[in-house]
Amino acid sequence: MIHAIALAAATVHIRNFAFVPSRLKVAVGQRVRFVNDDDDAHTATSATRAFDSGGLDTGDSWTHVFLKPGTYAYFCALHPYMRGTVVVSANKR
Amino acid sequence: MRRDDFLSHLAWTGAGIAYAMSPHGLFTGRAVGATGGDAPLFVQISDSHIGFHQAANPDVTATLRASVDAINALPVQPRFVVHTGDVTHLAKSEQFDTAKQLLGTLRARTVVLPGEHDTIGAKPNAFASFFAPPKGGASWYSWDEAGAHFVALVNVFDFEKMGLLGSEQLAWLERDLRGVPTTTPVVAFAHVPLYALYPEWGWTTEDGAKALALLARFDRVTVLNGHIHQVITHVEGNIRFATAAATAYPQPAPGTAPKPGPLTLPHDDLLRAIGYRRVTLNDGVADLDDRKLG
């Protein structure tokens, strides 16, 4: 039997009107969790609409799995000057 | 503070400061009494953020209700009450529903504009399903009333370039204003300020200058916005701008904090920072009378 090796989820915190880390590197298939630690609402919205968390209230989180390698730019739809990038690399295992 | 204490503190005093917008472009503040002032032509409320439940305001529904009750208690009702956006915090159906029910208790008719909090998420048309434009028209529209030309604009439909009016809306505005005499007072509403109030915090409209260029030929123009949860006035030529206080919670003054966002104040100070605005047009020039809940 072959067991899939589950990759630990990576986390982006939304804190003080910024994505932390603003540039996150993950492998294909890895889960990325966006957590809103702010008093205000935020979103994590792909610039190409490849993904969109929708509105994240204080304390809300949203998880997305990146299935294709590439560089994904995203922003907060409520505060578009908040910018982040997820870099997804091919899984070399 | 406990919730019942909070509610008991929601007594409306009716005192406030009136900002007279003089034809010379000067703002003069004057204190007004609880019963002072003329009957307003219309009333502006803004940024109710129904669904918000953090320390900056533990009961935004109660503070919107207090604003509605104060407006309904005016001895002479305004022609309409305009809500300049962010009716809800997260554009959820139950939040729209609560807001619509509360605004539906206003005695005056309502004009409701969307803010960016009302248009996020998977259902961008949710706002229109609760607050449809008049006569099934477009999201932006105009009307003539009391000798003035009123324009309701939307600058929150492009998430990545917020605020943005867009070329389609600007073309419509050009056509809309074409037949309006220069001497007609013009009052424009939009959620995000139309001028560069504080771009570092997104408090600007990227193509707002194009709208202002269309408005510049009129003798008397008033532009009323929300979004920044505080009263800030500004003058460019014949165009007088004023942002409104929220009914939910204040935000920091531009540049006085590392970031914008809900500003948590002691309860009494909160009530002095939120409320509604009575607006009269005196010879076409807007007279703003900001009333706070505390």
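**Exercise 1. Partners in a strand pair**

Find the residue of S8(A) that A:Tyr72 stands opposite, then work out how the strands around it pair.

*Solution.* Keep in mind that this is a predicted model.

Step 1. Look across from A:Tyr72: in S8(A), the residue opposite is A:Val86.

Step 2. Now take the whole strands. S7(A) and strand S8 (residues 83-89) of chain A are joined by 6 bridges, and their pairing is antiparallel.

Step 3. Turn to strand S5 (residues 45-46) of chain A. This strand runs antiparallel to strand S7 (residues 70-75) of chain A, with 2 bridges between them. One pair to look for is A:Thr45 with its bridge partner A:Phe75 in S7(A).

**Exercise 2. The open sheet of chain A**

Give the strand order of the open sheet of 4 strands in chain A, and say which strands stand at the edges.

*Solution.* Step 1. Reading across the sheet, the order is S2-S1-S4-S6 (chain A), and the pairing is mixed.

Step 2. Strand S2 (19-20) and strand S6 (61-65) of chain A are at the edges; each has a single partner strand, so one side of each has no neighbour in the sheet.

Step 3. Check one pairing yourself: strand S1 (residues 10-14) of chain A meets S2(A) in the antiparallel sense, over 2 bridges. Here A:His13 has A:Val20 as its bridge partner in S2(A).

**Exercise 3. The build of chain A**

How many helices and strands does chain A have, and why can chain A be called as compact as a globular protein of its length?

*Solution.* Step 1. Count the elements: chain A has 0 helices and 8 strands.

Step 2. Compare two numbers. Chain A has a radius of gyration of 13 Å, and the globule rule gives 12 Å for 93 residues; these are close, so chain A is as compact as a globular protein of that length.

Step 3. Add the dimensions: the C-alpha trace of chain A spans about 45 × 25 × 20 Å along its principal axes. Of its 93 residues, 33% count as buried.

**Exercise 4. Two sides of a helix**

Which residues of helix H3 (residues 93-103) of chain B are buried, and why are they on the same side?

*Solution.* Step 1. List the buried residues of H3(B): B:Gln95, B:Phe96, B:Thr98, B:Ala99 and B:Leu103.

Step 2. These residues cover an arc of only 160° around the axis, so they lie on the same side of H3(B).

Step 3. Look at the other side of H3(B), where B:Ser93, B:Glu94 and B:Gln101 are exposed.

Step 4. Finally, see what the buried residues of H3(B) pack against: helix H2 (60-72), strand S4 (80-83), strand S5 (109-112) and helix H4 (126-130) of chain B.

**Exercise 5. One residue in helix H4**

Is B:Ala126 buried or exposed?

*Solution.* Step 1. Find B:Ala126 in helix H4 of chain B.

Step 2. Count its surroundings: 20 other C-beta atoms lie within 10 Å. The cut-off for a buried residue is 20 or more, so B:Ala126 is buried.

Step 3. Setting aside neighbours within four places in sequence, the contacts of B:Ala126 are B:Ala91, B:Ser93 and B:Phe96.

**Exercise 6. Where the chains meet**

How many residues of chain B are in contact with chain A, and of what kinds are they?

*Solution.* Step 1. There are 19 residues of chain B in contact with 19 residues of chain A.

Step 2. Sort the chain B side: 9 are nonpolar, 6 polar and 4 charged.

Conventions
Residues numbered from 1 in each chain as written. Chains lettered and ligands numbered in written order. Predicted model: local features only at pLDDT ≥ 70, side-chain atom pairs only at ≥ 80, totals over all residues. Contact = placed C-beta atoms within 7 Å. Nonpolar A, V, L, I, M, F, W, Y, C, P; charged D, E, K, R; others polar. Buried ≥ 20, exposed ≤ 12 C-beta atoms within 10 Å, placed from the backbone. Arc of directions from axis to C-beta. Pairing = 2+ DSSP bridges. Rg over C-alpha atoms; globule rule 2.2 N^0.38 Å.
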